Amino acid sequence: MNTMDVVQLSRLQFGLTAMYHFLFVPLTLGLSILLGVMESVYVMTGREIWRQMTKFWGLLFGINFAMGVATGITMEFQFGMNWAYYSHYVGDVFGAPLAIEGLMAFFLEATFIGLFFFGWDKLSKVGHLAVTWLVALGSNLSALWILIANGWMQHPVGARFNPDTMRMEVTDFSAVILNPVAQAKFVHTVSAGYVTGSVFVLAISAYYLLRGRHVELAKRSMTVAASFGLAAALSVVVLGDESGYTAGENQKMKIAAIESMWNTEKAPASFTIFGLPNQATHRTDDDIEVPWMLGLIVTRSINTTVPGIDELVARAETRIRAGLVAYDALEKLHANRADAGARVALTAHADDLGYALLLKRFRPDILNATNADVLAAAWSTVPAVSPLFWSFRIMVGLGLFFIVLFAVAFYLASSRQLTSSPTFLRVALLVLPLPWVASELGWFVAEVGRQPWVIEGVLPTFLAVSSLSAGNVLITLVGFILFYSTLLVVEIYLMVKTIRLGPALVGPDVSAKSIAMAAPAAAE
Amino acid sequence: MLTYETLRLIWWTLLGTLLIGFAVTDGFDLGVATLLPFVARTDPERRVVINTVGPVWEGNQVWFILGGGAIFAAWPPLYAVAFSGFYLAMFLVLCALILRPVAFKFRSKIANPTWRSTWDWVLFIAGLIPALVFGVAFGNVIQGVPFRFDDTLRMTYEGTLFGLLNPFALLCGLVSVSMLVTHGGAYLALKADEPIASRAASYARFSALITLVLFAAAGIWVSVGIRAYSIVGHIVQDGPSNPLLKEVARNGTWLDHYFAQPWIVAAPLLASMAALATIVLLSARRNTLALIASALSVAGVIVTAGLSIFPFLLPSSLDPKSSLTVWDASSSQSTLTIMLVATIIFLPVVVAYTAWVYRVLRGRVTLAYVADNPSSTY
């Protein structure tokens, strides 16, 4: 069916461009704070090497930042381009955090990033430090607002369906902002960014130490990264648990799928460390389980049941039938806007309307749906289990590994043995790609786990697309792939080149400027 | 609490304000990029040109992103219809806007002349394409765009990329390019070292003249060649945002609005007088005033387009009743209120710190400065 092609292509395009964008975001989040820390040390101690560190890591930050901003524009505009019905259906709620993100965060980071690079000899020391921290603040605020928007897709609170405008409208904006899912996601995501920034600094410093180059700069950078990274790695895992807990409250299906828990278990449920999920037979083969653990993580109690997939599918079936009542009322309202009875019926079942819409995947005239259709639609609420199961486990494994890595780095740094352990330095260099793997898998779990919904319980993904031809979406998909791949090659080339040349790039500048600093305001 | 009707009017003016904010700030970046291969002949000269916008383009571009976000939040149907309807055109703009930061960042990192001149042409194209496409988009909005809603308000668009490139829309695209080139030239006249500044001033004077001629031509075309849209009967101005609850007819021309409301002629007058003033002030080397004049001219052109079709935001040529208007294409009253509060708090702060940054960066970018700061400049 043609429209399903458009859905698949649009999802592929959104997924690829979002994951590509998220190659740059975590590094921006983490490095921006590290730059602030380094420059703060410079301003407090007045020691030139800290300024050189700020400028050198700033150079790499700049290359990454430009790509993050550039690819972020695609995200902002793709909602309208490829997801027009989504934009219409939830723009009243979802658009606001996006616009506030622009007002509050993008302007801040983008306006001050220019001064960060060009303002060294135009501003006082403290003035420039303030600029650096404003860039970091802007980046982190931007994460807050976009995760409020994303949190609402996972757990849509503070809004209701309006039949006159055929869309969701805000009823309580503070509920949207204070959404517990959004708060947990924010802390988890920025912490993951801090881990990424710290691993980046750690790995490249290790490279210099292995080569015996820029030793003073590398040792200091590594010490900063080790302490900040350790705190961040602990926070990612602890607050990742928080994320799982709230998902347990609101997104039970996602947890059941991550766990490949086909049947509800007696409380407290066990956690499956290994197993082979089988979507066809609704079983997990060859599983190894840890008793009690899942129940403890998700419900924080030993006697609350964690519902399995079977039970959640049964609940979905009930909600689809209730949703059909709402849909029937909506049809009557379209025929006659003054039908008061239909309005009452719709209001009573509006929360289940989204479930009825799931049937549209099986037949257009959903009011004539058979029992088989309803059952098929109910089962369509189960996301792809195996990919979620494995992605989640690899992500968690990496999260635990980062704690160990930073703990060792922290020990070596505080006992001044960083240069005496080449094995550790080699490991530190080799793990450079891992935080990106963990971040991407994290998003994969969050977004694939939300399927078949684009807005959990409100709007199925397949209804959210624009009325575009598959050909047009294919053109842009191929265009994005070619375009982004080229950019990635150029980006990595420049990064590697800058890292090879090293702090010498900012070295001569530093000594020249330090003389100019004696007479500030002289140069205009 | 403000009435729904008032909020919609306020958000219509804010939409205009954001578009003007974008065209005035990011507009000179686009103009500068378009002029790059012409006003600067040697590599140091080109670096001067790039570094006049180097520290500020990132902030300027946020006006565009904010414009998109604000349309999404305040006018969701407009966001949905325009962005999916102009799909391939939007893709072109996206490519240009992604290439531009990359070109800024990467160009001067490697000293190879082929590498640098490749990126210079990339910058030229990345400046020209958005300027052209935005104008073309406005040109299509004024004529109406082929889309319709079904009763679930799902939109279908029945046009193509080439359909957008009709003669009137291309004329509007040229107006947009020439006005942003003028604006970019005026900016370079103020910010760049000699001899670039003088060359830029000549280009700006010339393109201001072109802008005047093209703008007048577009005005005549609108008065005689394009059928306008009007709402039939009464529309509830504080009703639900559902475009299908009204009737729209096609009759007369947009010029009729100027007879009904003569004061709106102030907008095209501002656009033309300010363009003339730009020419005069550039000749008199009053560069700051010239830049202000070209900014006013840009604002005048945008206000002209907005007022001419008011209360329409995006008319539908396929199914006129599907047309989006100020009265039936907004967010809910609570979202408009929340967004207004956010704007009142943050926009002045943004304007204040942006002004401060421009103040810190005041003065010309000289050839000597670029030569002395190889690693901190582009």
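Select A:Gly138 to begin: this residue counts as buried because its relative accessibility is 0%, where buried means under 20% relative accessible area, exposed means over 50% and partly exposed lies in between, with a 1.4 Å probe and protein chains only. The model is a predicted one, in which local features need pLDDT of at least 70, side-chain atom pairs count only at pLDDT 80 or more, and totals for chains, interfaces and linings use all residues. Residues are numbered from 1 along each chain as its sequence is written, chains are lettered from A and ligands numbered from 1 in the order in which they are written, and side-chain values use heavy atoms, with hydrogens and water left out.

**Around A:Gly138**

Extend the selection to residues 125–154 of chain A, which form helix H4, the helix that holds A:Gly138. Helices (H or I, at least four residues) and strands (E, at least two) are DSSP runs numbered from the N terminus. Which residues does A:Gly138 touch, leaving aside those up to four places away in sequence? They are A:Ala105, A:Leu108 and A:Glu109, contact being defined as heavy atoms within 4.5 Å. Next, select A:Ile113, whose C-alpha is 9.9 Å from that of A:Gly138, with their positions 25 residues apart in sequence.

**A:Val238**

Move to helix H7 of chain A, residues 215–250, and pick out A:Val238. Is A:Val238 buried or exposed? A:Val238 counts as exposed, because its relative accessibility is 53%. A:His188 is 50 residues away from A:Val238 in sequence, and their C-alpha atoms are 8.6 Å apart.

**Chain A as a whole**

Now display all of chain A, with its 18 helices and 6 strands. The C-alpha trace spans about 80 × 55 × 40 Å along its principal axes. Chain A has a radius of gyration of 26 Å, which agrees with the value near 24 Å for a compact globule of 524 residues; this radius is taken over C-alpha atoms, and the globule rule is 2.2 Å times the number of residues to the power 0.38. Of the 524 residues, 60% count as buried. Among contacts between residues at least 6 apart in sequence, 78% join residues at least 24 apart.

**B:Thr52**

Turn to chain B and select helix H2, residues 43–53, where B:Thr52 is found. B:Thr52 has a relative accessible area of 3% and is therefore buried. The side chain of B:Thr52 reaches the backbone oxygen of B:Val49 at 2.5 Å. Beyond four places in sequence, the residues that B:Thr52 touches include B:Val32, B:Tyr187 and B:Val365.

**Where the chains meet**

Finally, show both chains together. How many residues of chain B are in contact with chain A? There are 78, and they meet 81 residues of chain A. The size of an interface is often given as the accessible area lost when the parts come together. Between chain B and chain A, the buried area is about 7000 Å², of which carbon and sulfur atoms give 73%; buried area is the accessible area (1.4 Å probe) that two parts lose on being put together, summed over both. Select B:Phe72, B:Tyr87 and B:Arg154, which supply 10% of the area that chain B buries against chain A, more than any other three residues. The count of salt bridges between the two chains is 0, a salt bridge being a side-chain nitrogen of Lys or Arg within 4 Å of a carboxyl oxygen of Asp or Glu.

Notes: A polar contact is a pair of N or O atoms within 3.5 Å; within protein, one must be able to donate a hydrogen and the other to accept it, and residues adjacent in sequence count only if both atoms are side-chain atoms.
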